[in-house]
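This briefing is meant for someone meeting the structure for the first time. Please look over the sequence and the model before reading the points beneath them.

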Amino acid sequence: MTSPLPEPEPGLLLRLTGALQSWGLHSHFNERDTASFPTRSGVIGMLASALGRRRDQPIDDLTALRLTVRIDRPGVLLRDLHTVGGGLPGKATVTTAEGKKRPGDTGTLLTHRYYLADAAFTVALTLPQATAEDRSLLDHCANALRTPRWPLHLGRRSCPPEGPVLLGQSDDALHHLIHLPLAARPAENRGAEPRPGPVEFLADRPMTFLPAPPQALSETHEDGTHASGQVNDQPVSYHPSQRAYRARPLHRRTLLLPHAQFAGLGTHQLIALGRYLDTRLHTTEGSRR
């Protein structure tokens, strides 16, 4: 007997893709890392930027949003080497923690910065059992993403998004997260019949809420019931002198999505995405066909 699908959740659908992305998790001083996926702190910070909120303003309403990420393309890890302070007069070199200037041959610092190159993610930000106030917040965030107060970036300011970030707003955002065309090529298939391909989803809660059709379920991959680990990316405050984050669970689930849903790269994927948005997201809201 097939289990009933979870209740629909209203939310926003985002497209996070660009030449470079960098979602820092453990960055300190000269080592600037990136997670392999968009972090809660990075995505919520992007919303706060779109809304024009200063870093010292509260974000409690935004942290109530639930984050689910679909990995269309994981990208390639890129390390960039920077030098800081070299070739400058002594008074213009890097300042130490004691407020002094670094002397002589110690004035040049090396920094390593990591990026995801050519990665693509589709994201759902949802509010389960949304009240009228919750829906008003979603409307406000959607409008802000369409016309952001401050520039949007994919983790770091040097990483602008490719095209508009907001795909749309839906009363059943997770259904569309599963069915939107993928920004990826299908796997090579030597058989006569095209086979579905594995696609990984990440979330901040057990993934029983994901309305996965029976044909997408896989017994050989993680089902997202139990956390695969923790990440320290739940923002508490973005205040420059009081930044604070909490750990939260990371759940992973793999679904087998149809061969035809892998829409390829470039214009092929954009055409498929535009067709889906015009014919399904905007005209069949709430449908789970």
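What follows is a short account of the nonpolar cores, one pair of packed helices and two loop residues. The model is a predicted one, and the points below should be read with that in mind. The largest nonpolar core has 42 residues, and helix 1 supplies the largest share of this core, with 7 residues.

**Nonpolar cores**

- Within the largest nonpolar core, the residues that touch the most other members are L12, L14, L16, L62, L125 and L145.
- At least two residues of this core come from each of strand 1 (11-17), helix 1, strand 4 (66-73), strand 6 (109-117), strand 7 (120-126) and helix 3.
- Another core, of 25 residues, lies apart from the largest one, and its members include I178, L182, A203 and A216.
- L14, leaving aside residues up to four places away in sequence, is in contact with V43, M46, F121, T122, V123, L125, L145, V165, L166 and L167.
- As a general background to such cores, nonpolar side chains tend to be buried together in soluble globular proteins.

**Helix 1 against helix 3**

- The axes of helix 1 and helix 3 (residues 132-146) come within 8 Å of one another and cross at roughly 75°, which means that helix 1 is roughly perpendicular to helix 3.
- On the helix 1 side the contact is made by L47, A50 and L51, which meet H140, C141, A144 and L145 of helix 3.
- Sorted by class, the residues of this contact between helix 1 and helix 3 are 6 nonpolar and 1 polar, with no charged residues.

**T39, in the loop before helix 1**

- T39 sits in the loop that runs between strand 3 (31-32) and helix 1 (40-51), and T39 is buried because its relative accessible area is 1%, where buried means under 20%.
- The side chain of T39 reaches the backbone nitrogen of G42 at a distance of 3.1 Å.
- Not counting residues up to four places away in sequence, T39 touches W23, G24, L25, L67 and D233.

**Q261, in the loop before helix 5**

- Q261 belongs to the loop between strand 11 (244-257) and helix 5 (266-281), and with a relative accessibility of 10% Q261 likewise counts as buried.
- A polar atom in the side chain of Q261 lies 3.4 Å from the backbone oxygen of H179.
- Q261 also touches R70, I178, H179, L180, P181 and L182, when residues up to four places away in sequence are not counted; among the residues named here, I178 and L182 are members of the core of 25 residues.

Terms used
Residues are numbered from 1 along each chain as its sequence is written. This is a predicted model: local features need pLDDT of at least 70, side-chain atom pairs count only at pLDDT 80 or more; totals for chains, interfaces and linings use all residues. Side-chain values use heavy atoms; hydrogens and water are left out. Helices (H or I, at least four residues) and strands (E, at least two) are DSSP runs, numbered from the N terminus. Buried means under 20% relative accessible area, exposed over 50%, partly exposed in between (1.4 Å probe, protein chains only). A polar contact is a pair of N or O atoms within 3.5 Å; within protein, one must be able to donate a hydrogen and the other to accept it, and residues adjacent in sequence count only if both atoms are side-chain atoms. Contact means heavy atoms within 4.5 Å. Axes are lines fitted to C-alpha atoms, for helices over the stretch in contact, and angles run from 0 to 180 degrees between N-to-C directions. Angles under 35 degrees count as roughly parallel, over 145 as roughly antiparallel, 65 to 115 as roughly perpendicular and the rest as oblique. Ala, Val, Leu, Ile, Met, Phe, Trp, Tyr, Cys and Pro count as nonpolar, Asp, Glu, Lys and Arg as charged, and the others, Gly among them, as polar. A nonpolar core is a set of buried Ala, Val, Leu, Ile, Met, Phe, Trp, Tyr and Cys residues joined through side-chain atoms within 4.5 Å.
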